[in-house]
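Please look at the sequence and the model together, and follow the account below from one strand pairing outwards to the surface.

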Amino acid sequence: MVYVTAQLNVENTEMLAEYRSKAGDAMAKHGGKPLVSAPSPKLLEGTGAAPDIAALLSFPDRDAALGWINDPELAPVHDLRKSAGASQILLLE
């Protein structure tokens with residue numbers, strides 16, 4: 001099992017809503033599932049602002065997580081996320 005964090009600063013709520021309607025199926029294609037999503041995460045330590053949204057995702061293994069983020073068929077779904085605002089996706093191994 002590996003984990004992925006997704007952090008997003010929302011600039012376009014309509015694109016975010018469209019992304020959310022497709023994101024679950026896109027993750028499931030590669031065995032991924034959301035574990036927790038926080039619409040207002042709190043920065044406990046460090047500098048800078050916390051993102052508007054943070055999520056923790058799980059995938060069966062590294063290859064599944066990489067398959068999800070690099071799947072050409074899912075590029076339109078990832079483009080929706082990118083259109084919603086600045087995002088950062090981190091693989092935790």
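A convenient place to begin is Leu8, which stands opposite Ile53 in β3. The model is a predicted one, and the positions discussed here should be read with that in mind. The strand that contains Ile53 runs over residues 53-59, and strand β1, made of residues 2-10, pairs with β3 in the antiparallel sense over seven bridges. Strand β3 also has a second partner, since five bridges join β2 to β3 and these two strands likewise run antiparallel. In that second pairing, Ala38 stands opposite Ala54 in β3.

How many of the seven residues of β3 are buried? Six of the seven are buried, so the strand is largely enclosed by the rest of the structure. Two of its residues show what this looks like at the level of single side chains. Leu57 lies in strand β3 and counts as buried because its relative accessibility is 6%, which falls under the 20% limit used for that class. Leaving aside its neighbours within four places in sequence, Leu57 is in contact with Val2, Tyr3, Val4, Met27, Lys33, Pro34, Leu35 and Trp68. One of these contacts can also be described through the backbone, for the C-alpha atoms of Leu57 and Val2 are separated by 8.5 Å, although the two residues are 55 residues apart along the chain.

Ser58, which is also found in strand β3, has a relative accessibility of 2% and therefore counts as buried. With neighbours within four places in sequence again left aside, Ser58 is in contact with Met1, Val2, Tyr3, Gly31, Gly32, Lys33 and Leu35.

Another buried position is in a helix. His78 is found in helix α3, which spans residues 75-84, and at 4% relative accessibility His78 counts as buried. Apart from its neighbours within four places in sequence, His78 is in contact with Trp68 and Ile69. With Trp68 there is a polar approach that is worth locating in the model: a polar atom of the side chain of His78 lies 3.0 Å from the backbone oxygen of Trp68. Trp68 also appears among the contacts of Leu57, and a reader who starts from Trp68 can thus go either to His78 in α3 or to Leu57 in β3.

The next topic is charge. Side chains of opposite charge can pair when their charged atoms come close. In this model the count comes to three salt bridges. Lys29 forms a salt bridge with Asp71, with the closest N and O atoms 2.7 Å apart. Lys29 lies in the loop between α1 (13-28) and β2, whereas Asp71 lies in the loop between α2 (62-70) and α3, so the pair ties together parts that are 42 residues apart in sequence. The two partners differ in their exposure, for Lys29 is partly exposed, with a relative accessible area of 42%, while Asp71 is buried, with a relative accessible area of 10%.

Lys29 also forms a salt bridge with Glu73, and here the closest N and O atoms are 2.8 Å apart. Glu73 lies in the loop between α2 and α3, and because Lys29 lies in the loop between α1 and β2, this pair ties together parts that are 44 residues apart in sequence. Glu73 counts as exposed, at 62% relative accessibility. Taken together, Lys29, Asp71 and Glu73 are linked in a network of salt bridges.

A further salt bridge is formed by Arg62 with Glu93, whose closest N and O atoms are 2.8 Å apart. Arg62 lies in helix α2 and Glu93 in the segment after β4, so this pair ties together parts that are 31 residues apart in sequence. Arg62 is partly exposed, with a relative accessible area of 40%, and Glu93 is exposed, with a relative accessible area of 68%.

The last feature is on the surface. Which residues make the nonpolar surface patch of about 540 Å²? The patch is made by Met1, Tyr3, Leu35, Val36, Leu90 and Leu92, and the elements that give two or more residues to it are β2 (33-38) and β4 (85-92). Leu90 lies in strand β4 and, at 33% relative accessibility, counts as partly exposed. Tyr3 and Leu35, which belong to this patch, are also among the contacts of the buried residue Leu57.

Notes
Residues are numbered from 1 along each chain as its sequence is written. This is a predicted model: local features need pLDDT of at least 70, side-chain atom pairs count only at pLDDT 80 or more; totals for chains, interfaces and linings use all residues. Side-chain values use heavy atoms; hydrogens and water are left out. Patches are made of residues with over 30% relative accessible area and no salt bridge: like charges are joined within 9 Å, nonpolar side chains (Val, Leu, Ile, Met, Phe, Trp, Tyr) within 5 Å. Accessible areas come from the Shrake-Rupley method with a 1.4 Å probe; for residues, only the protein chains shown count as cover. A salt bridge is a side-chain nitrogen of Lys or Arg within 4 Å of a carboxyl oxygen of Asp or Glu. Helices (H or I, at least four residues) and strands (E, at least two) are DSSP runs, numbered from the N terminus. Buried means under 20% relative accessible area, exposed over 50%, partly exposed in between (1.4 Å probe, protein chains only). A polar contact is a pair of N or O atoms within 3.5 Å; within protein, one must be able to donate a hydrogen and the other to accept it, and residues adjacent in sequence count only if both atoms are side-chain atoms. Contact means heavy atoms within 4.5 Å. Two strands pair if DSSP finds at least two bridges between them.
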